[in-house]
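Trainee: I would like to take a close look at a single part of this model, and then to see how other parts of the chain are arranged. Please begin with the part I ask about and continue from there.

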Amino acid sequence: MAEIILNVEVREGAGTGNARAVRREGKVPGVLYGGNKAPVNIAVKANEFRKSLYTGKLLGHLVTLQYGEEKQSVIAKAVQFHPVTDEPVHFDLYRVDEHQLIKIEVPVHFKNQDISVGMKKGGTLEVIRHTVELACPADKIPEELVIDLASHDIGDVIRISEVKLPEGVKPAMDRDFVIANLKASASAQSDAGDTTTEG
């Protein structure tokens with residue numbers, strides 16, 4: 001995976017007025033948290049930030065923060081977007097050690113819906129969790145969790161224990177929680193219940 005490097009500058013001052021001024025200069029304001037250090041107000045050029053963000057490799061990945069000659073491993077935890085333009089307007093970064101154990105939300109995706117036993121019978125997938133919080137080393141964050149629906153039938157409950165996690169990665173919650181259910185659709189249920197025959 002290509003390493004993402006965010007070139008940041010430290011911005012003086014805080015608050016809404018300061019953030020607006022930073023945005024007017026074509027930059028995205030952010031805050032660097034974590035470690036044993038005080039939070040630092042930072043900014044990244046908007047075009048560079050957008051480029052990193054839209055590669056899909058910024059949120060939830062280990063990123064290198066560069067300030068002059070200084071480099072620091074960070075995780076991008078949150079990005080706020082403008083409600084109308086959908087442009088990034090603020091971000092939060094957290095300092096981490098490369099091998100530090102962190103908790104992070106990872107998206108869940110499903111494959112083989114088209115050949116799924118239950119889906120072919122008219123079942124519907126009810127997704128309970130679109131993301132799962134994992135505890136993992138900062139340099140081993142999975143991009144996604146993929147669940148294969150091929151052999152799943154109507155009535156199946158898909159739990160976290162079914163998902164093969166990479167070595168050193170485990171769910172943040174210590175129980176076998178449900179990610180999705182394969183349910184009979186309303187039309188399939190009504191068809192099954194309608195046993196009257198026309199005379």
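Which residue follows helix 1, and is its phi positive or negative?

Mentor: The residue after helix 1 is Gly 26, and its phi is positive, near 80 degrees. This is a predicted model, in which local features need pLDDT of at least 70, side-chain atom pairs count only at pLDDT 80 or more, and totals for chains, interfaces and linings use all residues. Residues are numbered from 1 along each chain as its sequence is written, and side-chain values use heavy atoms, without hydrogens or water.

Helix 1 itself spans residues 15-24; helices (H or I, at least four residues) and strands (E, at least two) are DSSP runs numbered from the N terminus. Three of its residues, Asn 18, Ala 19 and Val 22, are buried, that is, under 20% relative accessible area, where exposed is over 50% and partly exposed lies in between (1.4 Å probe, protein chains only). Viewed down the helix axis, these buried residues fall within an arc of 100 degrees (taken from the directions from the axis to the C-beta atoms), so they line one face of helix 1. On the other side of helix 1 stand Thr 16 and Arg 24, which are exposed. The buried residues pack against two strands, strand 3 (27-33) and strand 4 (40-45), contact being defined as heavy atoms within 4.5 Å.

Two further residues can be described in the same terms. Ser 52 belongs to helix 2, residues 46-54. Its relative accessible area is 10%, so Ser 52 is buried. With residues up to four places away in sequence set aside, Ser 52 touches Ile 4, Leu 6, Lys 57 and Leu 58. Ala 78, in turn, is a residue of strand 6, which covers residues 70-81. Its relative accessible area is 30%, so Ala 78 is partly exposed. The contacts of Ala 78, leaving aside neighbours within four places in sequence, are with Leu 59, His 90, Phe 91 and Asp 92. Between the C-alpha atoms of Ala 78 and Leu 182, residues 104 places apart along the chain, the separation is 32 Å.

The strand that holds residues 178-184 is strand 14, and strand 9 (residues 123-127) is joined to it by five bridges in an antiparallel run. Two strands are taken to pair if DSSP finds at least two bridges between them. Across the pairing with strand 14, Thr 124 stands opposite Lys 183. Strand 12 (residues 157-159) also runs antiparallel to strand 14, and three bridges join the two. Here Val 157 has Asn 181 of strand 14 as its bridge partner.

Elsewhere there is an open sheet of four strands in the order 11-8-10-13, and its pairing is mixed. At its edges stand strand 11 (145-148) and strand 13 (170-171), each with a single partner strand, so one side of each is left without a neighbour in the sheet. Strand 11 is joined by four bridges to strand 8 (residues 101-111), and these two strands run parallel. One residue pair to look for there is Val 108, which stands opposite Leu 145 of strand 11.
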